[in-house]
Amino acid sequence: MSVELKLSRPNRIYRPSETLEGKIVVKAQSSISHYEIRLTVKGSVNLQVRGGSAGVVESLYGVIKPIPIVNRVIGVKSSGKIGMGTSEIPFSLNLRDKNLERFYETFHGTNISIQYLVTVDIPRGYLHKSLSATMEFIVESDKADLLQRPLSPEMVIFYITQDTQRHPLLPEIKSGGFWVTGKISTQCSLSGPISGELTVEASAVPIQSIDIQLFRVESILLGEKIVTETSLIQTTQIADGDVCRHLTLPIYVILPRLVTCPTTLAGPFSIEFKVAIVISFQSELSKLHKKSDPKTPRLWLAMETLPLELVRTKTIALKQFFVSASKLLY
């Protein structure tokens, strides 16, 4: 005997103004009696501060209460019986009950998690175990709240040299010098890539690799203190080995789902992002620290970190996107 939820959309993506639809699938070897079958939809912002992030403050304030977004319960089927075999019970539920409800997009971070769950409960009385199933669905911004205008094509120009680094470098890298220039977009649509270009103008020490790192910056208001933690989301290598000098390399990074969301600045919490251009130089020392912390600058690394604003746009013009990509390549 089992119960499962099947949503009407395979990708499980819904908007707050839309209707959550699907069916409850019950498989039973014999007919069963039940009380009213109920469907519960819950959405919340779950906040936590890991040990070491807040120190003494964490022990004073204890567990942070989740911020409720939505909590709705509806009856799907009144008391009765479910026959033997496979039975399907359809359901439909409006996600937004009041216009005052503020929905945030689904996000799974290190200390902040924005999650929406739908649960079905089939109570069967005291002598029988109740049946239950839960499924997560993904919430994205309403179309009415999305940006109508296309994002500005302007990019931030950057340059990386031994003089722009705030951390110590290996003597041979510092004395030999290097010069890397480029441009990168610092406001991106979640449905598009982080784009740009990079050129190694000069470098006395051979380059090992060039990577684009995406970071999330999660901040939580804990009493009178703001606890902030930065964590790496993904690393995308755009060059391997000692690249040719004066060769323009395209930057093209696809944003992952669920672990990214629109840049959010709420009262009790905020979710922001950063992008870092990281240049690794060939060094015997780097071979001894292959699993080093990506947030910690190393002697054989040069980097430039920029704030990145992520937004949800109404549409993405694929033609315009491929034209931009072709310009970078040619």
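Student: Does Leu-258 count as buried, partly exposed or exposed in this predicted model?

Tutor: The relative accessibility of Leu-258 is 32%. Buried would require a value under 20%, and exposed a value over 50%. Because 32% satisfies neither condition, Leu-258 counts as partly exposed.

Student: Where is Leu-258 placed, and what is its phi?

Tutor: Leu-258 is found in the loop between strand E18 (248–254) and strand E19 (264–265). Most residues other than glycine have a negative phi. Leu-258 is not a glycine, yet its phi is positive, at about 70°.

Student: Which loop holds Arg-12, and what is the phi of Arg-12?

Tutor: Arg-12 belongs to the loop between strand E1 (2–7) and strand E2 (13–14). Although Arg-12 is not a glycine, its phi is positive, at about 60°.

Student: Is Arg-12 buried, partly exposed or exposed?

Tutor: Arg-12 has a relative accessibility of 29%. This value is not under 20%, as buried would require, nor over 50%, as exposed would require. Arg-12 therefore counts as partly exposed.

Student: Which strands stand at the edges of the open sheet that contains E1, and what is the average twist?

Tutor: The sheet has 3 strands in the order E1-E3-E8, with antiparallel pairing. E1 and strand E8 (85–94) each have a single partner strand, so one side of each lacks a neighbour in the sheet, and these two stand at the edges. From one strand to the next, the twist averages 20°.

Student: Over how many bridges do E1 and E3 pair, and which residue in E3 stands opposite Val-3?

Tutor: E1 and strand E3 (residues 19–28) pair in the antiparallel sense over 6 bridges. In E3, the residue opposite Val-3 is Val-26.

Key
Residues numbered from 1 in each chain as written. Predicted model: local features only at pLDDT ≥ 70, side-chain atom pairs only at ≥ 80, totals over all residues. Heavy atoms only, no water. Helix = DSSP H or I, 4+ residues; strand = E, 2+ residues; numbered from the N terminus. Buried < 20%, exposed > 50% of the residue type's maximum accessible area, 1.4 Å probe, protein only. Pairing = 2+ DSSP bridges. Axes fitted to C-alpha atoms, helices over the stretch in contact; angles between N-to-C directions.
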